[in-house]
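User: I'm new to this structure and would like a close look at just one part of it. Please pick a spot and walk me through what sits around it.

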Amino acid sequence: MMRIGLFLLTNIAVIALASVTLSLFGVGSMLQANGVNLDLGNLLIFCAVFGFAGSFVSLFLSKFMAKNSTGTEVITQARSADEQWLLDTVKELADQAGIGMPEVGIFPAQQANAFATGWNKNDALVAVSLGLLQRFRREEIRAVLAHEIGHVANGDMVTLTLIQGVVNTFVMFFARIIGHFVDRAILKNEQGHGIGYFITTIVAEIVLGILASTIVAWFSRRREYRADEMGAQLASPHAMIGALQRLKAEYNVPDQMPETLTAFGISSHLKGGLMALLATHPPLDDRIAALQKR
C-alpha cells in the first residue's frame, strides 16, 4: 500500500506542477489554430514540461521515497558502537569530499548493498544494508561509503535527473510527431486527432523509451567508474577493490533493492545479451580491473 501511495503522490505532484507551468507558458493545444498541423513550439514546451516535471519531482521526493521503499531507519542518535562508527566515518568522508554531512541510515536487507540519494550535495542520504554491516570488514564498509559519497560529491543524482528529463522530452516529442504523421498520412484523419494517433503515440513512446533508456544506462555505468575512483581516493584503492571483490563473492544473494533505487546502489545483478545495454552498473570484474590499472 505504501508503494501505491507513493506512486499516486508522485504522479499527482507531476500533473499539478506541469499544469501550473503550462498555464504560465500559455500553452494550450498542440495543434495550430487550423486544427490540422502540429504547433511544434507548443508541442516541445508541453513535452519538456512533463518530461522534466517527472524527473524533478522524483528527485525532490527521492529521500522520502527511498526511506519508505527500503525501510531505512535514519540514525539520529547512535545506539551502538557500530552506529557511532558509521556516523563518524560518513562525517569524515563528507568533509574530505567537501560536502555537507548527509543523513545516515540502515535498511533491513540481508543483501550487501548501499545507496545515496538526494536533490542537493549538502542535503543527501547515505544508507547501508544490515547485511553489509554484519558481513563486511570496516575498511570495506568505509570504501563502500566513500563510493556513495562520491556519487553525492559528483552531483550524479542531479545530472542523471537532467539527462532523464532531456530523454523524456524527446521521447514524448518524437512519439507525438510519429503519431500525427500516421494519423494524417496513413489513416487520412483530416481534423483533430483520431484513435490511430493515440495508439501510435503510445507504441512509439514504448519503443523510443526503450532505445532512450540505453543512453541513460550508459551514463549510469560511466558514473559508477567515477564513484569507484572517488572511493579509492577517499578510502584507498586496496579497500575499494576489496569491497568490490566481496560484493562479487556475494553475487548470488537475492537482490532486495527496489527497482527505483537500483541505479543508486553500489551494485546490481548483471544483465546478459541485449539487456546489458540497459544495465545501470558495469560488471564487477570490469570495475575491479579499472581500479587495478589506475
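Analyst: Let's start from Asp82, which counts as partly exposed because its relative accessibility is 48% (buried means under 20% relative accessible area, exposed over 50%, partly exposed in between, with a 1.4 Å probe and protein chains only). Keep in mind that this is a predicted model, where local features need pLDDT of at least 70 and side-chain atom pairs count only at pLDDT 80 or more, while totals for chains, interfaces and linings use all residues. Residues are numbered from 1 along each chain as its sequence is written, and side-chain values use heavy atoms, leaving out hydrogens and water.

Asp82 helps line the second largest pocket, together with Glu73, Arg79, Ser80, Glu83, Leu86, Ile106, Pro108, Leu130, Leu133 and Gln134. Helix 4 (81-97) and helix 5 (130-135) are the elements that each give two or more residues to that lining. Helices here are DSSP runs (H or I, at least four residues), numbered from the N terminus. A pocket is an open set of points on a 1 Å grid over the protein atoms alone, where a 1.4 Å probe fits, with protein on both sides within 12 Å along at least five of seven lines; lining residues have an atom within 4 Å of a point.

The pocket holds about 160 Å³ of space, a volume being the space filled by probe spheres set on the points, which are joined across faces, edges and corners. Its lining has five nonpolar, two polar and four charged residues; Asp, Glu, Lys and Arg count as charged, Ala, Val, Leu, Ile, Met, Phe, Trp, Tyr, Cys and Pro as nonpolar, and the others, Gly among them, as polar.

Now for how those charges pair up. Two of the lining residues, Glu83 and Arg79, form a salt bridge, with their closest N and O atoms 3.1 Å apart (a side-chain nitrogen of Lys or Arg within 4 Å of a carboxyl oxygen of Asp or Glu). Glu83 is buried because its relative accessible area is 10%, whereas Arg79, at 60%, counts as exposed.

Asp82 has a salt bridge too: its partner is Arg138, and the closest N and O atoms are 2.9 Å apart. Arg138 lies in helix 6 and Asp82 in helix 4, so this pair ties together parts 56 residues apart in sequence. Arg138 counts as partly exposed, at 39% relative accessibility. Across the whole structure there are 17 salt bridges.
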